[in-house]
Amino acid sequence: EDGEKMSKSRGNVINPDGVVAEYGADTLRLYEMYMGPLEASAPWSMEGIRGMQRFLQRVWRNFVDQDRLVKIGEGIEPELDKKLHQTIEKVTAHIEGLRFNTAIAALIELNNELVSLDKVPQAVARPFLQLLAPLAPHIAEEIWELAEFAGKGAGMEKWPVSDPLKLVEDMAILPIQVNGKVRDQ
């Protein structure tokens with residue numbers, strides 16, 4: 001965390017077993033993928049680990065109540081449906097391009113939309129867990145099993161596909177300029 005390279009001689013090596021024991025394997029996996037592009041080096045941060053832990057805890061609270069009963073319902077608002085398809089498009093492209101950090105960011109964004117809901121619509125729950133499965137397989141499969149979704153599991157189902165019609169923006173904001181200065185929108 002002090003910006004130095006990890007080294008046995010410096011005694012600043014972080015043992016992944018200790019991180020897994022304290023925070024879980026999914027948290028460590030997400031943090032390592034979220035640190036930035038694969039080719040870039042990044043400093044280790046326990047605050048980053050805790051951030052990924054909070055994200056996974058929020059996912060759990062969105063999908064499962066205190067009695068381990070799933071909070072999945074029916075119906076979906078058009079705005080949430082649009083956000084889901086945008087997320088499917090982003091996560092698919094970013095995983096294919098090995099840009100895991102931005103794929104995780106898109107899932108965090110969608111998960112934040114789910115916080116205000118009493119129940120996650122099933123039309124969102126299944127694809128969300130499928131998108132999460134390659135990045136955090138343990139929690140995705142656990143929620144999938146609790147939800148009793150049919151199929152082989154979140155990581156084994158056919159990858160979700162976005163609907164191109166739901167990716168189109170309905171409205172665009174255009175600036176109005178007079179003599180080179182923005183006067184209105």
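## The nonpolar core

Phe-63 and Leu-132 touch the most other members of the largest nonpolar core, a set of 46 residues. Seven elements each give two or more residues to this core: α1 (16–23), α2 (25–34), α3 (46–63), α4, α5 (100–114), α6 (122–132) and α7 (137–147). The biggest share comes from α5, with eight residues. This is a predicted model. Nonpolar side chains tend to be buried together in soluble globular proteins.

Phe-63 belongs to α3 and is buried there. Which residues does Phe-63 contact, leaving aside neighbours within four places in sequence? The list includes Leu-69, Val-70, Lys-71 and Ile-72. It also holds Leu-114, Val-120, Ala-125, Phe-128, Leu-129 and Ile-143.

## Overall architecture

Seven helices and four strands make up the chain. Their order along the sequence is α-α-α-β-α-α-β-α-α-β-β. The C-alpha trace spans about 65 × 55 × 30 Å along its principal axes.

The chain has 185 residues, and 37% of them count as buried. Among contacts with a separation of 6 or more, 64% join residues 24 or more positions apart. The accessible surface is about 11,500 Å². Carbon and sulfur atoms account for 52% of that surface. The side chains include 21 positive and 29 negative ones. The centres of these two sets lie 4 Å apart.

## Helix α3

How does the span of α3 compare with the value expected at 1.5 Å a residue? The helix has 18 residues and should span 26 Å. Its end C-alpha atoms are 26 Å apart, so the two values agree.

The buried residues of α3 are Met-46, Ile-49, Gly-51, Met-52, Phe-55, Leu-56, Val-59, Asn-62 and Phe-63. In an α-helix with 3.6 residues a turn, residues three or four places apart point the same way.

## Helix α4 and His-85

Helix α4 has 19 residues. From first C-alpha to last it reaches 27 Å, close to the 27 Å expected at 1.5 Å a residue. Its buried residues include nonpolar ones such as Leu-80, Leu-84, Ile-88, Val-91 and Ile-95. Asp-81, Lys-82, Lys-83, His-85, Thr-87, Thr-92 and His-94 are buried as well. The cover over the buried residues of α4 includes α5, β2 (120–121) and α6.

His-85 sits in α4, which runs over residues 78–96. Is His-85 buried or exposed? His-85 counts as buried because its relative accessibility is 9%, under the 20% cut-off. Beyond four places in sequence, His-85 touches Val-161, Ser-162, Asp-163, Lys-166 and Leu-167.

## Positive phi angles

Most residues other than glycine have a negative phi. Leu-98, just after α4, takes a positive phi of about 55°.

Glu-148 is not a glycine, yet its phi is positive at about 55°. Glu-148 lies in the loop between α7 and β3 (176–178). With a relative accessible area of 71%, Glu-148 is exposed. Asn-179 has a positive phi near 55° and is also a residue other than glycine. Asn-179 is placed in the loop between β3 and β4 (181–184). Its relative accessible area is 77%, so Asn-179 is exposed.

## Two loop positions

Pro-134 lies in the loop between α6 and α7. Pro-134 counts as partly exposed, at 37% relative accessibility. Which residues does Pro-134 contact, leaving aside its neighbours within four places in sequence? They are Arg-29, Ile-95 and Trp-159. Pro-134 and Arg-29 are 105 residues apart in sequence. In space their C-alpha atoms are 10.0 Å apart. Ile-95 is one of the buried residues of α4.

Lys-119 is in the loop between α5 and β2. At 51% relative accessibility, Lys-119 counts as exposed. Lys-119 touches Lys-71, Ile-72 and Gly-73, not counting residues up to four places away in sequence. Lys-71 and Ile-72 are also in contact with Phe-63. Lys-119 and Arg-183 are 64 residues apart in sequence. Their C-alpha atoms are 43 Å apart in space.

Conventions:
Residues numbered from 1 in each chain as written. Predicted model: local features only at pLDDT ≥ 70, side-chain atom pairs only at ≥ 80, totals over all residues. Heavy atoms only, no water. Buried < 20%, exposed > 50% of the residue type's maximum accessible area, 1.4 Å probe, protein only. Contact = heavy atoms within 4.5 Å. Areas by Shrake-Rupley, 256 points an atom, 1.4 Å probe, with all protein chains shown as cover. Lys, Arg positive; Asp, Glu negative; His and termini not counted. Charge placed at Lys NZ, Arg CZ, Asp CG, Glu CD. Core = buried A, V, L, I, M, F, W, Y, C linked by side-chain atoms within 4.5 Å. Expected span 1.5 Å × (residues − 1).
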